Amino acid sequence: QVQLVESGGGLVQAGGSLRLSCAASGRTFSTYVMGWFRQAPGKEREFVARIFWRSRLTYYANSVKGRFTISRDNTKNTLYLQMNSLKAEDTAVYYCAAAKTRGSYDDWGQGTQVNVSS
């Protein structure tokens, strides 16, 4: 129903920065919240950050708090994740997701790879 395409991943050294983008298309009018998740090899997918689309209220996982910033551009239907002070443990495939109701993410992107070398 909603198509999400992540971009901006790549290889950076520890301490560096990356900015991920997630372009949304399709039936995006009723988006309630969007979030970023990540999954490292051999690990389960974990929550990174979320933003409520209307209020722009944000929440972060403790592991990224103070380093990552989630934001959105409603006119472009685009979600961003600014990642600073990257650590090797941030290496993962990063996914964006959108929810139209509380408690459930309905649509997911295919992910973008982030590799942080140490």
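**Figure 1. A disulfide joins Cys-22 to Cys-96, with an S to S distance of 1.9 Å.** The view is taken from a predicted model. This disulfide is the 1 disulfide that the structure holds. Cys-22 lies in strand 3 and Cys-96 in strand 9 (residues 92-99), so the bond ties together parts that are 74 residues apart in sequence. The torsion about the S-S bond of Cys-22 and Cys-96 is about 55 degrees, and the disulfide is therefore right-handed. Cys-22 and Cys-96 are both buried.

**Figure 2. The protein as a whole comprises 11 strands and 0 helices.** Read along the sequence, the pattern is β-β-β-β-β-β-β-β-β-β-β. Along the principal axes, the C-alpha atoms fill a box of roughly 40 × 25 × 25 Å. A compact globule of 118 residues would have a radius of gyration near 13 Å; the value for the protein is 13 Å, which agrees. Of the 118 residues, 42% are buried. Among contacts between residues at least 6 apart in sequence, 52% join residues at least 24 apart.

**Figure 3. Four strands form an open sheet in the order 1-3-8-7, with antiparallel pairing.** Strand 1 (2-7) and strand 7 (68-73) are the edge strands, each of which pairs on one side only. From one strand to the next, the twist averages 15 degrees. Strand 1 pairs with strand 3 (residues 18-26) in the antiparallel sense, and 6 bridges connect the two. Within this pairing, Val-5 stands opposite Ala-23 of strand 3.

**Figure 4. Gln-3 is a partly exposed residue of strand 1.** Its relative accessible area is 39%, which places Gln-3 between the limits of 20% for buried and 50% for exposed. Leaving aside residues up to four places away in sequence, Gln-3 touches Ala-23, Ala-24, Ser-25 and Gly-26. Gln-3 and Gln-113 are 110 residues apart along the chain, and their C-alpha atoms are separated by 18 Å.

**Figure 5. The largest nonpolar core contains 28 residues.** Trp-36, Leu-79, Leu-81, Met-83 and Tyr-94 are the members that touch the most other members. Two or more residues of this core come from each of strand 1, strand 3, strand 4 (33-39), strand 5 (46-52), strand 7, strand 8 (78-83), strand 9 and strand 11 (112-117). The surroundings of Met-83 are shown in detail. When residues up to four places away in sequence are not counted, Met-83 touches Gly-16, Ser-17, Leu-18, Leu-20, Arg-67, Phe-68, Tyr-94 and Val-114. One of these contacts, Tyr-94, is also among the core members that touch the most others.

**Figure 6. Strand 11 pairs with strand 2 and with strand 9.** Strand 2 (residues 10-13) and strand 11 run parallel and are joined by 4 bridges. In this pairing, Gly-10 stands opposite Val-114 of strand 11. Strand 9 and strand 11, by contrast, pair in the antiparallel sense, over 3 bridges. Here the bridge partner of Val-93 is Gln-113 in strand 11. Strand 11 presents a covered face made of Thr-112, Val-114 and Val-116. Its uncovered face consists of Gln-113, Asn-115 and Ser-117. Thus Val-114, which stands opposite Gly-10, belongs to the covered face, whereas Gln-113, the bridge partner of Val-93, belongs to the uncovered one.

**Figure 7. Asn-77 and Ser-85 each have a positive phi although neither is a glycine.** Most residues other than glycine have a negative phi. For Asn-77, phi is about 50 degrees, and the residue is placed in the loop between strand 7 and strand 8. Asn-77 has a relative accessibility of 23% and therefore counts as partly exposed. For Ser-85, phi is likewise about 50 degrees, and the residue is found in the loop between strand 8 and strand 9. With a relative accessibility of 41%, Ser-85 also counts as partly exposed.

Notes: Residues are numbered from 1 along each chain as its sequence is written. This is a predicted model: local features need pLDDT of at least 70, side-chain atom pairs count only at pLDDT 80 or more; totals for chains, interfaces and linings use all residues. Side-chain values use heavy atoms; hydrogens and water are left out. Two strands pair if DSSP finds at least two bridges between them. Axes are lines fitted to C-alpha atoms, for helices over the stretch in contact, and angles run from 0 to 180 degrees between N-to-C directions. A disulfide is a pair of cysteine sulfur atoms within 2.5 Å. Buried means under 20% relative accessible area, exposed over 50%, partly exposed in between (1.4 Å probe, protein chains only). A nonpolar core is a set of buried Ala, Val, Leu, Ile, Met, Phe, Trp, Tyr and Cys residues joined through side-chain atoms within 4.5 Å. Contact means heavy atoms within 4.5 Å. The radius of gyration is taken over C-alpha atoms; the globule rule is 2.2 Å times the number of residues to the power 0.38.
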